[in-house]
Amino acid sequence: MPHSQTSAPRDSLLGVRLARGASPWLLPTVATAALSLTRARKSGRWAAAAVPATALAAGMLWFFRDPEREIAQGRVISPADGVVQSIMPWKDGRTRVAIFMSPLNVHVNRAPLAGTVTSVEHIPGGFVPAFNKESENNERVVWHFDTELGDIEMIQIAGAVARRIVPYLPAGTKVEQGERIGLIRFGSRVDIYLPEGVEVAVEVGQTTTAGVTRIDRD
C-alpha cells in the first residue's frame, strides 16, 4: 500500500506548510508586505508599494510550499516535480533522466529509493538556465544512495535564478523512499541515473510529481 511521507518541515506561515530553508527569503518579504499594508491607509506612497510587495510575498509562499504526499509504490520514484527534459543512455550503461523544475513547481526534492546516503558533494559552478545543455556545469549537489538496486546517483542542479541548494541530510543517513532530502531555491533541474537494466517508464515532456510518479518499469 502507498504510504504517507509525513516528516514535517520546520517552517510554516499563515497555515501554509513551507519548505525547510525558506525563512531567509520568505520572512523579509512577508514582513515588508505586512508593513506596507499597515501604512497604506495613511500614505499613497505606501499604498503603491503594498501591491507589488503583497504580490511578491504571495509568490514566495507559493514557491516555498511543501505539501504532504502519498508516496507511490515502485522501485524508483521521481525525486522532483517538473517535466522530463531528456532521457539519455550513459556510457557506463546507466540511463540519465533529467527533470526540469520551473518556478511554479514545488522545489523540495525527495529520495527516489529507500537506502542510505553514502555521499553528498557540493560542486561549485555557473548559473545558466537549467533547461540549457550547459547547465551540466552549473552549481550542483551530487547525491549517492546505497539501495536495493545498488548505487543510485542523483544531482540537484541550480538554474539561472537558483543560487542556493539546501541539502537536508548528511552522508550516513538512512532514508525512506519519498523522504524529503533537500531544496533548490527557484528554477532548477534534477538528474537521476537509473542502473543498467532498469527500463525507463516516463517520456520526454511528461510531467512528474516528487514521491508520486514512478520512473522505472518492471
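**View 1. Aromatic pairs in the predicted model.** A search of the whole structure, which is a predicted model, finds two aromatic pairs. The first view shows Trp90 and Tyr193, whose ring centres are 5.4 Å apart. Their planes stand at 75°, so the pair is classed as edge-to-face, the threshold for that class being an angle over 60 degrees. The two residues come from distant parts of the chain, 103 residues apart. Trp90 lies in the loop between strand S5 (82-89) and strand S6 (95-101), whereas Tyr193 belongs to strand S14 (residues 188-194). Trp90 counts as partly exposed because its relative accessibility is 31%; Tyr193, with a relative accessible area of 6%, is buried.

**View 2. The stacked pair of Trp143 and Phe145.** These two rings form an aromatic pair with a centre-to-centre separation of 5.9 Å and an angle of 5° between the planes, a stacked arrangement. Both Trp143 and Phe145 are buried.

**View 3. The largest nonpolar core.** This core comprises 33 residues. Those touching the most other members are Val97, Trp143, Phe145, Ile181 and Leu194. At least two core residues are supplied by each of S6, strand S9 (140-147), strand S10 (150-158), strand S11 (165-167), strand S13 (180-184) and S14. In soluble globular proteins, nonpolar side chains tend to be buried together.

**View 4. Surroundings of Leu194.** Leaving aside residues up to four places away in sequence, Leu194 touches Val76, Arg94, Thr95, Val97, Val200 and Ile215. Val97 and Leu194 are both among the core residues that touch the most other members.

Terms used:
Residues are numbered from 1 along each chain as its sequence is written. This is a predicted model: local features need pLDDT of at least 70, side-chain atom pairs count only at pLDDT 80 or more; totals for chains, interfaces and linings use all residues. Side-chain values use heavy atoms; hydrogens and water are left out. Rings of Phe, Tyr and Trp (its six-membered ring) pair if their centres lie within 6.5 Å; planes under 30 degrees apart count as stacked, over 60 as edge-to-face and the rest as tilted. Helices (H or I, at least four residues) and strands (E, at least two) are DSSP runs, numbered from the N terminus. Buried means under 20% relative accessible area, exposed over 50%, partly exposed in between (1.4 Å probe, protein chains only). A nonpolar core is a set of buried Ala, Val, Leu, Ile, Met, Phe, Trp, Tyr and Cys residues joined through side-chain atoms within 4.5 Å. Contact means heavy atoms within 4.5 Å.
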